[in-house]
Amino acid sequence: MAQYPPLRLHVPEPTGRPGCATDFSYLHLSPAGATRRPDVDVLPVDTQDLAYQLIRVLDEDGTAKGPWDPKLAPDFLRRGLKAMMKTRAFDARMLIAQRQKKLSFYMQCLGEEAIAVAHGMALEQGDMNFPTYRQQGLLLCRDDISMVELICQLLSNEKDPIQGRQLPVMYSYKRAGFFSISGNLATQYIQAVGWAMASAIKGDTKIASAWIGDGSTAESDFSTALTFAHVYRVPVILNVVNNQWAISTFQAIAGGEHTTFAARGVGSGIASLRVDGNDFIAVHAASLWAAERARRGLGPTLIEWVTYRAGAHSTSDDPSKYRPADDWERFPLGDPINRLAAHLMAIGHWSAEEHEATQKALEAEVVAAQREAERYGSLLDGHIPSVASMFEGVYKDMPEHLRQQRQQLGY
C-alpha cells in the first residue's frame, strides 16, 4: 500500500513583510493597450481571458493606447484629475482633523482615487451605488455635494445630516445615488443586486453598482449576490476593489493567490474584466462598457480593480506592522493622479505650474469647508445632535411607548 506524508494545510503568505521588499510579480500585468475589447453583447464565457489579463490604457510615458481608449476630451480628463486631487486633499485634511481629536475615526482612499472618481463619472443620474467606506470619490467628483455637509457628518455635529446615527465616513446620499454605507462586510453586494432587480421589475432604466473589497469576497453574501445576478441577468456592476490588503490580511487569504477575483465572475456565468485601477482612462472605459451592458439588459459585469491601499486601513491601523513601509512607492501601477497628470501634460493640456496652483486652491477649499463645518461643532466642544433625535425618523407616527421614553429624558 502506498505511503503518503502527513497532510498539511497551505496558509498563504504575502511576498513582502516589514524589512523585506515586496515582490509584485504575482500581479501578472499586461502591457498598456494589449488587451482586447469585445462588444458589450459578448457571452460571459468569452470574457475568460479578460478575467486574467489586465486592461490598461496609459503606458509608463503617459501615452493612451489600445482598443480600450475611449478618446476622452481633454476637458473631461482635467475634470477627473481635479476630482482625484480634491479627494486626496480632503482625505489628508480629515486625517489631520482625526489626529486633533475633532472626529473619532477616518478612512482614506489614498492611491485608489481613480476608481471611484472615474466610475462615478461614467454613471447617470438615478443610478445607485452601494459603496464601501473607501469610495468617497463617488461624492467628491460631483458638483452637487457640499464638502461642508460631508465634514459635518464626520464631526457628528448638530448639522450632521444623519444626526450622529452613523460612524464617520459612512455617508448616505439618495439624491447622489449613494446608498447608506454599512460597516458590516459584503451586505451592500446583495442589497445592490436586489435594488437592480427591483429596477428591472419596474421597467426602469436605472442600474446599480455594487462595491466590495478583496477581503470581503470571502463572505457568503458575495457568492449569493453573484448567483442572483447571473440567474436573473440583473442590471448591476459588481466592483471588486483589490487593493492587496484587508486590514492586516493579504489578498491571498481571500483567494487571490493562484487565480484572480475577476475569475470568480466568469465561473458564475458573469462577464468579467480585470482592470488597472490606477489608470483613470481604463477605469472610465471599463465602467462605460459595463454600464452599457447592464442598461441594454445584457446582464451583470464583475470588474476587479487592481490597485494598492497606500495608507493605513483606518486611523486605528498601523500598516508598518505587517508590510514594507515603501510598498506604495514600489507598486508597479504607480500613482493614479501622477499618471493622469503626465498624460494631460503629454498632450499639452496640463502643466506643472497648473498642477501646483490647483493643488493649493483645492487645499484652501477643503480648509474653508472644514472651518465652516466646525462652526456647528466637533467632538472637542460637544455640539452634537439632540438626544431627542434618537426617537425620530423611525416611525411615521411615534408610538406611545417611545413618546413616554422621550418625555422621561426631559424632551
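The legends below describe close-up views of a predicted model.

**View 1. The annotated domain spans residues 82–377.**
The name "domain: Dehydrogenase E1 component" comes from an unreviewed UniProt entry, which assigns it to this stretch. Helix makes up 43% of the span and strand 11%. The C-alpha atoms at the two ends of the span are 29 Å apart.

**View 2. Leu81 belongs to the largest nonpolar core.**
This core has 78 residues. The members that touch the most other members are Leu81, Phe90, Tyr171, Leu273, Phe280 and Trp305. Which residues does leucine 81 contact, apart from its neighbours within four places in sequence? They are Ile337, Leu340, Ala341, Leu344 and Trp350. A second core, separate from the largest one, holds 25 residues, among them Ala208, Leu226, Ala229 and Leu238. In soluble globular proteins, nonpolar side chains tend to be buried together.

**View 3. Strand 3 is covered on both faces.**
Strand 3 runs over residues 236–242, and 7 of its 7 residues are buried. In a regular strand, side chains alternate between the two faces of the sheet. On one side of strand 3 are Val236, Leu238, Val240 and Asn242. The other side carries Ile237, Asn239 and Val241.

**View 4. Strand 3 pairs with strand 2 and with strand 7.**
Strand 2, residues 208–213, runs parallel to strand 3 and is joined to it by 6 bridges. Within this pairing, serine 209 has isoleucine 237 as its bridge partner. Strand 7, residues 301–306, is also parallel to strand 3, again over 6 bridges. Here valine 240 stands opposite glutamate 304.

**View 5. A right-handed β-α-β unit includes strand 3.**
The unit consists of strand 2, helix 6 and strand 3. Helix 6 covers residues 220–231. Threonine 217 sits in the loop between strand 2 and helix 6.

**View 6. Threonine 217 is shown with its surroundings.**
Is threonine 217 buried or exposed? Threonine 217 counts as buried because its relative accessibility is 2%, and buried means under 20%. A polar atom of the threonine 217 side chain lies 2.6 Å from the backbone oxygen of aspartate 214. Leaving out residues up to four places away in sequence, threonine 217 touches Ile212, Phe222, Val240, Ala254, Phe261 and Arg264. One of these, Val240, is a buried residue of strand 3, and Val240 also stands opposite glutamate 304 in strand 7.

Definitions and conventions
Residues are numbered from 1 along each chain as its sequence is written. This is a predicted model: local features need pLDDT of at least 70, side-chain atom pairs count only at pLDDT 80 or more; totals for chains, interfaces and linings use all residues. Side-chain values use heavy atoms; hydrogens and water are left out. UniProt positions are given in the numbering used here, feature names are shortened, and annotations may be inferred rather than shown by experiment. Helices (H or I, at least four residues) and strands (E, at least two) are DSSP runs, numbered from the N terminus. A nonpolar core is a set of buried Ala, Val, Leu, Ile, Met, Phe, Trp, Tyr and Cys residues joined through side-chain atoms within 4.5 Å. Buried means under 20% relative accessible area, exposed over 50%, partly exposed in between (1.4 Å probe, protein chains only). Contact means heavy atoms within 4.5 Å. Two strands pair if DSSP finds at least two bridges between them. A crossover is right-handed if, with the strands pointing away from the viewer, the path from the first strand over the helix to the second runs clockwise. A polar contact is a pair of N or O atoms within 3.5 Å; within protein, one must be able to donate a hydrogen and the other to accept it, and residues adjacent in sequence count only if both atoms are side-chain atoms.
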